[in-house]
Amino acid sequence: MKFLYSFIFLFLTTLTYGQKSVLLQNTNTRAEELKHYLSHGQDSLILEGQRTIYEVMIYNANFERVIKVKKSDAKVIISDIPVGRYAVEVVLKDKLIVITLLRNEIIENTIYTHKIMETAPREVAETNMFGSDNSTYNNNLNLSGKKASPFKNSLKPSEMNSGSNELKYWVLYKINNGSSSEKLLRIADQKTVDRLIKKIEIDKTTSTGRLNELTVWQIYDPKNFTTHKRKHKKNYMNIESDSFNIVPYYNVDYNLDD
């Protein structure tokens, strides 16, 4: 019997890692109202609810995507999400449904086709923006994070404590398009930051992208920065730490009062 269990475990492990993406179903009875599955190409998460879905958050220690939905169904692009294990939180009116997403393989030549992302010329838009256990529980919908602090043109000297000379940054990219919005946060390298800055500069010249926002902070110690984030939760970028520069490296912050 022990041999049989071991064989089944190895078979399921091989099957899982033979797929680009895997979604572990939430079998909790309180999650029955939400159908959740991957597209045929395993590059999108499909959500079909009986009620309004207010928000979807996909995250782990180094990546976070928050999407405002405000309708009963959603198709969320996941092909540009890095390889790793992620929690997916789906916010309904009176509950939060959590699903586990496994990204096992990079999907090459990804074209980010989410409607609210169609703001830039072809050569910029058609690239990757960025090279927990299942459970259900009550929630107060406060998942949207905060607004970045104003930009100041000063930088702290780069003193990387991670043993690598490669610069690392924490990126907050907000896509605002009328009633729809999306927020992405993750650690990025210099090449990715340069690409995002190029994109946001183009966004500012378009009618659909002019409200988009980008804030970039330089990280000195990625490991300690992750600890800092876990300790301070949503307010971590407003609390000083030796692990990052609290003054943004780059900032485009749209203000409704302007």
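How exposed is Glu166 in terms of relative accessibility? At 40% relative accessibility, Glu166 counts as partly exposed, a class that lies between buried (under 20% relative accessible area) and exposed (over 50%), as evaluated with a 1.4 Å probe on protein chains only. The model is predicted, so that local features need pLDDT of at least 70 and side-chain atom pairs count only at pLDDT 80 or more, whereas totals for chains, interfaces and linings use all residues. Residues are numbered from 1 along each chain as its sequence is written, and side-chain values use heavy atoms, with hydrogens and water left out.

The structure holds 10 salt bridges, a salt bridge being a side-chain nitrogen of Lys or Arg within 4 Å of a carboxyl oxygen of Asp or Glu. In one of these, Glu166 is paired with Lys168 at an N to O distance of 3.8 Å, and Lys168 is likewise partly exposed, at 24% relative accessibility.

A further salt bridge joins Glu33 to Lys95, with the closest N and O atoms 3.1 Å apart. This pair links distant parts of the chain, 62 residues apart, since Glu33 lies in the loop between strand S1 (21-24) and strand S2 (34-38) and Lys95 in the loop between strand S5 (84-91) and strand S6 (96-103); helices (H or I, at least four residues) and strands (E, at least two) are DSSP runs, numbered from the N terminus. Both Glu33 and Lys95 are buried, and together with Arg51 and Asp94 they are linked in a network of salt bridges.

Within helix H3 (residues 190-203), Lys199 and Asp203 are 4 residues apart, about one turn of the helix, and they form a salt bridge whose closest N and O atoms are 3.1 Å apart. Lys199 is buried, with a relative accessible area of 4%, and Asp203 is buried at 0%.
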